[in-house]
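The following exercises concern one molecular structure. Each task is followed by a solution that proceeds step by step.

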Amino acid sequence: MSQAGNQWERQFVSLGKISQLLREEDNVDNLVKATLDHLRDTFDYKLLWIGLYDREHNRLIGKGGTTPSGEIKFLKEKIPLNPGDLLDQVILHRKPIPITDLRQEKRSNEWQKVAQKYDIQGSLLFPIYHKQTSYGVAILGSHQWNISPRPEEKAYLALLLGSLGAALNRLETQKHQQNVKFPHEPLLVLLDRLRSMSTLAERLEEIVKQTHNFVMPMRTSIYWFEREHRYFWRRTVNRQKGVPAGRTDDTAGITVQNAPTFYQALSKDQLISVVDAKAIVQGNVTNRLMEQFGAASLVAAPIIFQSELMGFLSVEGNQPRLWTEEERNFVRGAAQLVALTAPLEAMEDTAQRIAADQLLMAGIAKAIYSDTDWQTSLQMAAEQLCHRLGVERFWIARYNNDTEDFDVYYQYHPVNRRPIPGCIGQLSDVDWQMVEHASQTVTVENVESDLKFLSWRPLLMDMEVRSLMLSSTAIGKPLESILAIAHESPRTWSRPEREMLQAVAQQVGLIVHQGELQRQADERNKLQQAVQAGLVKLQQAETLENLHSLAAQMMVQVMGAPLAVLVTWLPGQSGGQIAASSSNHEDFRITSQNETVVIADDALVQWCLQDSDVLSVSVHDLMEPTLQWLNAPGIGQILAIALNTTPDEYPTGMLLVADKQDRRWFDRHLQAFRMLTSQLAWMRRHLIAIESLQQHRQALMHLNWYKQRRIEDIYRSVSTGVQRLIEIESQGADKGLGSMRLQSLLKQVQSSLSPLPQMIEDDRWQLSANQESAALAGLLKRSLERVDALVKQRQIWTQVHNQTNVTIGGDIGKIEMVLYELLLFACERSEQGGRVDLWCRQIDDRLIELSITDYGDVDEDLLAALQEGRVSDLLAPSILDEPPGLHLVICQNLMLESGGELSLFRLEDDRTLSRLILPIV
């Protein structure tokens, strides 16, 4: 066998010996010393240390070790564990942690300083534990950097320190078993003895006796609770021999008023334990109460039967004492035995009371579900309940979602008592949650000292209410209303009383809930009808002006506010205008209808633009730029919102409603405000878009018609000139004469093309407005030349009557095209060989009438449409959407823009009259 193998064999033999020692040793210090000695002999570590875990104080207690300089004082010190430290991690996770250089490890706290002092580098933190319980930590350090124990060394350390952990667990278990007193055996004996006893007094004395024998305190007592006067009196006691009675024999007992926190803890089924009366800082027991007990230490267990506090069992010591878990458990168990045996005495009385309460409940239910009105039903229920419980007041408070207060829905009280005000205010969040989530009735035994319903305390005190009991009318559901009864002196409420009130509350809740549903339905229907009517009106608006006026009037009606103002603008504009306002009161009329609202300077507008929801502000929050136009003297509260359709589109306005300073805006009104404002924003954007598109469409139609006619006219002129050039060329005329005629024709062609550059430059996407003048004679001559080819083709006779020498002003190019359109329309509808007459008549110094008459057939619908205009429904088919109606409408619009007029009529002799009014220069 090799030398390394012999070494490991010797080490494992040594491990077996130390393991046997650890199994047999009963002293903790000897166990740790033996382990450290074995580590020192087996491994070449310069730092060895073992600390045992103190669970109570979360720290490690050093048990010794070794350093390069030998044993030092630090190895025996107590080291606290902090979250995140390496030692704390080893205790929590029970896994070894290797450390590369302990000198650089900040998470090792004081061990870093030790490592720096003794040059300890590579280290290993190894847990000492048994199963899931940690018992300590071992530290092994070396002068070498980043040591890593071999697997066999780790296994060796795991076996050694695991044996130490098992030994520590064994000693701890033995110590615990020696000190434990098991409460179940004496409790079983006590239970067996109680079965043979016939009276409650005998049972209580036996329970006190056995409790005293098990715990061995100075005194053991049972205190009984007197509900009517709210105090505890000692019913049974057992003392050590020679101990004086002390102050606790006082017949006054322990009052709830002097020990409110003690009473509340017992009512919540809490065990109260006091180790040292002099060390009390805060809690359920005060120094004054301990003086009344005449004790330095105390354990008190509540006696509770069916959630009702009957008293408490206490063990008291005359010296500070650390009560064990077993002692506390025995006291609690004995108190529960009292709770089980005590009700037997009052069982007959309880049965009689239950029967009477059932009759009472049946009477109340019958009254509620009878055919009488709800006021009579509630009065009968209130009278019977107040008589049964001996209380003065009965009321139902219903939660108002609008005001967030509780309003008195119904109340009953003696004639000589003042009624509770109609609104009793709000509940704090804590009280609200308590009432809403309570599975049983909530009680207040003394309004002056109880911390529940503090927001109602001033009102209750003013009404001389000193104790009350209340319940939600719908247990397990969202809080809608509360049924409460009140007494004029402090009082403890018994379990049957609480159950009765809760049952009545559930019955009454049906009436209240039904009434609330009906009220909400009526309000909702009324508001819904108003909103629906408003939406219909907005959708029927045909113009922006009509839309704005309807929106302002509608908001006044729906919101019930005396003023509504609509401010509008278009994207890119720096200022807005008051588009509409509506007011039904003189104090809410604004006097600045034409005031410009500067968007960037107006704080109210900016707030609306930054907030996508409804903005509620007071008039006192407004600044001077806003007050200049929003200047009605009665304004106090304001609701405002931007006219926004989608987040990507810029708002086009702001709508606000205003009312007095004390106005509160309810949720239903806010919802209606949002809905109507959203519809207004969409309708406004829709009408603006429609109007813009119509304007663009009309401009493009005008442009298209004008360019078409001008191009036709140029084409006619150029074609005529080109035809003549061809004729000259084919005739081969004299060179000199041909050259002159050619030049003349070229000038004519050039003159015909001359309008094109100007038209291309000025009339690209819309018609330009030109102010020119021309003689009427030339205007008529050129117009007749344009239709000359058609006149000759159809052999139409034309003549101008009453021609005057006047000068026409306006856009002459467009006027010529309009006259050409009328002549063309007249010639096209005239029969072969018919006639077209032109009549001139000067109306006054500014206007001249030019009329065209013909005998052609014209659609009567077309004439009617030209006089009445197109219908508002853009989707409805119209005779004006197609030529010739479309062209004639364009001509009408162009004449209006030029200061003239165009109309078509059917004369009595069946001629068609095209009447053109032209301005004279």
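Is Glu 464 buried, partly exposed or exposed? With a relative accessible area of 45%, Glu 464 is partly exposed. Here buried means under 20% relative accessible area, exposed means over 50%, and partly exposed lies in between, with a 1.4 Å probe and protein chains only.

The model is predicted: local features need pLDDT of at least 70, side-chain atom pairs count only at pLDDT 80 or more, and totals for chains, interfaces and linings use all residues. Residues are numbered from 1 along each chain as its sequence is written, and side-chain values use heavy atoms, with hydrogens and water left out.

**Exercise 1. Examine the backbone at Glu 464, Asn 802 and Pro 884.**

Step 1. Glu 464 is located in the loop between α14 (457-462) and β17. Helices (H or I, at least four residues) and strands (E, at least two) are DSSP runs, numbered from the N terminus. The phi of Glu 464 is positive, about 65 degrees, although this residue is not a glycine.

Step 2. Asn 802, in the loop between β26 and β27 (807-810), also has a positive phi, near 55 degrees. Asn 802 counts as exposed, at 54% relative accessibility.

Step 3. The loop between α25 (860-868) and α26 holds Pro 884. The peptide bond leading from Pro 883 to Pro 884 is cis, and its omega is near 5 degrees. For reference, most residues other than glycine have a negative phi, and most peptide bonds are trans.

**Exercise 2. Describe the packing of α7 and α10.**

Step 1. The axes of helix α7 (residues 200-215) and helix α10 (residues 325-341) lie 10 Å apart, at an angle of about 175 degrees. Axes are lines fitted to C-alpha atoms, for helices over the stretch in contact, and angles run from 0 to 180 degrees between N-to-C directions.

Step 2. The angle therefore makes α7 roughly antiparallel to α10, a term for angles over 145 degrees.

Step 3. Residues of α7 in the contact include Leu 204, Ile 207 and Phe 214, and those of α10 include Phe 330, Val 331 and Leu 337. Contact means heavy atoms within 4.5 Å.

Step 4. By class, the contact residues comprise 10 nonpolar, 3 polar and 3 charged. Ala, Val, Leu, Ile, Met, Phe, Trp, Tyr, Cys and Pro count as nonpolar, Asp, Glu, Lys and Arg as charged, and the others, Gly among them, as polar.

**Exercise 3. Set out the sheet that contains β28 and β29, and the helix packed on it.**

Step 1. The open sheet has 5 strands in the order β26-β28-β29-β31-β30, with mixed pairing. Two strands pair if DSSP finds at least two bridges between them.

Step 2. The edge strands are β26 (797-801) and β30 (901-906); each has a single partner, so one side of each lacks a neighbour in the sheet.

Step 3. Neighbouring strands are turned by 15 degrees against each other on average, direction ignored.

Step 4. Helix α26 (residues 885-897) packs on this sheet, where it touches β30 and β31 (912-919), and its direction makes about 140 degrees with that of β30.

Step 5. Strands β28 (residues 835-842) and β29 (residues 847-854) run antiparallel and are joined by 7 bridges. Cys 840 stands opposite Leu 850 in β29.

**Exercise 4. Identify the nonpolar cores.**

Step 1. A nonpolar core is a set of buried Ala, Val, Leu, Ile, Met, Phe, Trp, Tyr and Cys residues joined through side-chain atoms within 4.5 Å. The largest has 47 residues, and Leu 916 and Leu 918 have the most contacts inside it.

Step 2. Helix α24 (residues 812-829) supplies the largest share of this core, 12 residues.

Step 3. Beyond neighbours within four places in sequence, the contacts of Leu 916 include Val 818, Leu 822, Leu 850 and Met 895.

Step 4. A second, separate core has 32 residues, among them Val 531, Ala 551, Leu 566 and Leu 655.

**Exercise 5. Place Val 657 in its surroundings.**

Step 1. Val 657 belongs to strand β24 (residues 653-659) and counts as buried, at 0% relative accessibility.

Step 2. Residues up to four places away in sequence aside, Val 657 touches Met 555, Leu 563, Trp 665 and Phe 673, among others.

Step 3. Gly 560 is 97 residues from Val 657 along the chain, and their C-alpha atoms are separated by 9.3 Å.

How values were computed: Parallel < 35°, antiparallel > 145°, perpendicular 65-115°, else oblique.
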